[in-house]
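Here is a short report for a reader meeting this structure for the first time. Please look at the sequence and the model before reading on.

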Amino acid sequence: MYTTSSTSLINDWGGWLQAQIWDYFSTYTFRYDISMKRSEQHMLRVESLMEQEQIAHTLFWVAESPHNSQQSHLHMLIQGEEAKSYIFQYYQGKGLINPRNVLNEDYDPTLGASFYVSKSLNDVNAAYGMSHYANP
């Protein structure tokens with residue numbers, strides 16, 4: 001059961017997420033154990049690189065660790081085909097993923113953004129962030 005504060009978090013994030021235009025929902029399961037801290041560092045690097053490369057995108061990501069802090073995986077809402085490809089190439093280039101363990105599916109707006117990530121937002125072992133870049 002959600003507490004008042006976690007319900008507020010879910011509703012606020014859900015409202016913001018729902019107001020965005022998303023193209024994809026992605027899940028990345030790593031080839032090796034990746035700590036939560038390292039997973040978060042990789043996502044912050046991806047955000048920075050996409051901005052440096054001037055790749056237009058909106059990205060919301062959640063790194064969660066269902067079993068322990070040394071095993072994490074990612075869930076992402078992504079706007080932009082180029083962004084989806086860039087993220088995949090980043091992790092593939094580092095040898096962190098096996099393409100068979102990456103799910104990239106079309107975002108279904110009838111389900112709502114919170115459908116995809118709400119269970120992760122309430123997890124005390126989750127880290128999350130967002131990034132937006134519009135080409136000048």
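The report below takes the sheet, then one histidine, then a pair of helices.

## The sheet

This is a predicted model. Five strands form an open sheet. Their order is 4-1-3-2-5, and the pairing is antiparallel. Strand 4 (97-106) and strand 5 (126-133) stand at the edges. Each has a single partner strand, so one side of each is left without a neighbour in the sheet. From one strand to the next, the twist averages 15°.

Strands of a sheet pair through backbone hydrogen bonds, either parallel or antiparallel. Take strand 1 (residues 24-30) and strand 3 (residues 73-79): they pair in the antiparallel sense over six bridges. Within strand 3, H73 stands opposite T29.

## A helix on the sheet

Which strands does helix 2 touch? Helix 2 covers residues 36-52 and packs on the sheet. It touches strand 1, strand 2 (57-64), strand 3 and strand 5. The direction of helix 2 makes about 175° with that of strand 2.

## H132 and its contacts

H132 lies in strand 5. Along the chain, H132 and H57 are 75 residues apart. Their C-alpha atoms are separated by 5.6 Å.

Leaving aside residues up to four places away in sequence, H132 touches H57 and T58. The details differ by partner. With H57, a polar atom of the H132 side chain lies 3.3 Å from the backbone oxygen of H57. With T58, the link runs between side chains: a polar contact of 2.8 Å joins H132 and T58.

## Helix 2 against helix 3

Helix 2 also packs with helix 3 (residues 81-93). The angle is about 130°, and the axes are 11 Å apart. That makes helix 2 oblique to helix 3. The crossing of the two helices is right-handed.

Which residues meet here? Helix 2 brings S39, H42, M43, R45, V46, L49 and M50. Helix 3 brings A83, Y86, I87, Y90 and Y91. By class, the contact has nine nonpolar, two polar and one charged residues.

Conventions. Residues are numbered from 1 along each chain as its sequence is written. This is a predicted model: local features need pLDDT of at least 70, side-chain atom pairs count only at pLDDT 80 or more; totals for chains, interfaces and linings use all residues. Side-chain values use heavy atoms; hydrogens and water are left out. Two strands pair if DSSP finds at least two bridges between them. Helices (H or I, at least four residues) and strands (E, at least two) are DSSP runs, numbered from the N terminus. Axes are lines fitted to C-alpha atoms, for helices over the stretch in contact, and angles run from 0 to 180 degrees between N-to-C directions. Contact means heavy atoms within 4.5 Å. A polar contact is a pair of N or O atoms within 3.5 Å; within protein, one must be able to donate a hydrogen and the other to accept it, and residues adjacent in sequence count only if both atoms are side-chain atoms. Angles under 35 degrees count as roughly parallel, over 145 as roughly antiparallel, 65 to 115 as roughly perpendicular and the rest as oblique. A crossing is left-handed if the near helix is turned anticlockwise from the far one by less than a right angle, and right-handed if clockwise. Ala, Val, Leu, Ile, Met, Phe, Trp, Tyr, Cys and Pro count as nonpolar, Asp, Glu, Lys and Arg as charged, and the others, Gly among them, as polar.
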